[in-house]
Amino acid sequence: MKLGRISAATVAALAAVGLAACGSGTPAGSGAGGGGGATGGGGGEAVKVGIKFDQPGMGLKEGSTYSGFDVDLANYIAKELNYTPSFVEAVSSQRETLLKSGQVKYIVGTYSITDARKKDVDFAGPYFIAGQDLLIRADDTSITGPQSLKGKKLCSVKGSTSAANVQKQYGAEIQLQEYNTYTLCVDALKAKSVDALTTDNTILAGYAAQAANKGQLKVVGQTFSTENYGVGLPKGDTALCQKVTDAIKKWISSGEWQKAVEKNLGPSGFKPGAGNPPTPAACGSSGGATG
């Protein structure tokens with residue numbers, strides 16, 4: 001009986017330790033595994049941050065690891081503001097909803113600053129200037145730019161400025177198919193279900209450089225829009241906007257912006273275009289967006 005009592009006590013103690021360990025673990029999908037970039041916040045307020053999960057070079061989730069230019073900025077902001085971030089997927093069509101409903105603190109996900117979006121959310125930035133381009137199959141010589149899209153099947157993502165731009169400029173000449181993610185567009189392009197994928201050149205360069213796509217896909221290299229990337233914020237939170245803007249300015253001036261470009265976009269051969277790095281606008285201004 002004495003042995004039985006000791007055994008029961010030991011089991012109870014071990015169970016308590018086990019429960020404590022489970023409760024103190026890092027949440028699945030946290031921002032701590034930033035793919036070799038910053039480690040996230042400084043142990044302060046735990047916040048959820050929206051990023052892309054399917055954009056190589058910008059925001060990519062592989063297992064429990066996150067990497068990309070936007071991920072590095074998201075982690076840098078969290079560190080400067082003393083946040084401990086966990087990442088949430090922010091697909092293009094859901095970004096405003098995520099911010100308006102309070103599901104995320106901020107979004108860093110190739111989020112173009114536009115007047116239409118500013119009716120629902122605020123932006124800090126821009127922190128990068130990109131341009132819309134085309135991704136095609138490597139053996140396709142029929143598409144040399146947007147002027148050669150007549151009669152072609154074009155893929156883009158629901159809720160993106162890329163889809164809106166191409167509909168506005170070439171809607172009568174093309175067949176536009178919209179999917180929820182860029183990965184689905186890439187799959188359709190490789191399967192010859194569509195003729196081209198259109199979105200920002202930063203994103204396209206990342207896909208073209210992926211090992212699974214090398215030699216199969218290429219970027220046309222004829223941009224036809226200007227996309228000013230900003231950090232999406234809840235509408236009306238001026239204090240947060242100022243803090244994030246200050247963090248972006250420091251990220252750029254410290255040289256970390258250039259390091260992030262070289263690390264995340266350099267391997268694809270992509271080089272930032274004119275105007276980079278940009279000067280973030282004052283909170284409440286237009287930010288110079290066109291796309």
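**Disulfides**

I began with the disulfides of this predicted model, and a search of the whole structure returned two of them. When I numbered the bonded cysteines of the protein chain in sequence order, the pairing read 1-2, 3-4.

I then took up the link that joins C155 to C185, where the distance from S to S is 2.1 Å. The angle about the S-S bond is -70 degrees, and I therefore entered the link of C155 and C185 as left-handed. Because C155 lies in strand β9 and C185 in helix α5, the pair ties together parts that are 30 residues apart in sequence. I also looked up how accessible the two cysteines are: C155 has a relative accessible area of 0% and is buried, and C185, at 0% relative accessibility, counts as buried as well.

My next entry concerns the disulfide from C241 to C283, for which I read 2.2 Å from S to S. This link of C241 and C283 is left-handed too, with -100 degrees about the S-S bond. The pair connects distant parts of the chain, since C241 sits in helix α7 (residues 238-253) and C283 in the segment after α8, 42 residues apart. Are C241 and C283 buried or exposed, or something in between? I found that C241 counts as buried at 4% relative accessibility, whereas C283, at 24%, counts as partly exposed; the cut-off I needed here is that buried means under 20% relative accessible area.

**Helix α4 and its surroundings**

I turned to helix α4, which spans residues 161-170, and asked which of its residues are buried. My list for α4 holds T161, S162, A163, N165, V166 and Y170. Against what do these buried residues of α4 pack? I noted five strands, entered here with their residue ranges: β8 (132-137), β9 (153-157), β10 (175-179), β11 (196-200) and β13 (227-234). Strand β9 had already come up in my notes, as the strand that holds C155.

**Cis peptide bonds**

I looked next at the peptide bonds, keeping in mind that most peptide bonds are trans. Where did I find cis bonds? One cis peptide bond joins G125 and P126, with omega at about 10 degrees, and I placed P126 in strand β7, which covers residues 121-130. Another cis bond runs from N276 to P277, with omega near -10 degrees, and here P277 lies in the segment after α8 (256-264). The segment after α8 is also where I had located C283.

**Positive phi values**

My last search was for positive phi, given that most residues other than glycine have a negative phi. T110 has a phi near 40 degrees, a positive value in a residue other than glycine, and I found T110 in the loop between β6 (106-107) and β7. K192 also has a positive phi, near 65 degrees, and is likewise a residue other than glycine; its place is the loop between α5 (182-190) and β11. Which of T110 and K192 is buried, and which is exposed? T110 is buried, with a relative accessible area of 5%, while K192 is exposed, with a relative accessible area of 58%. I closed the page by noting that the loop of K192 follows α5, the helix in which I had placed C185, and that it leads to β11, one of the strands against which the buried residues of α4 pack.

How values were computed
Residues are numbered from 1 along each chain as its sequence is written. This is a predicted model: local features need pLDDT of at least 70, side-chain atom pairs count only at pLDDT 80 or more; totals for chains, interfaces and linings use all residues. Side-chain values use heavy atoms; hydrogens and water are left out. Buried means under 20% relative accessible area, exposed over 50%, partly exposed in between (1.4 Å probe, protein chains only). Helices (H or I, at least four residues) and strands (E, at least two) are DSSP runs, numbered from the N terminus. Contact means heavy atoms within 4.5 Å. A disulfide is a pair of cysteine sulfur atoms within 2.5 Å.
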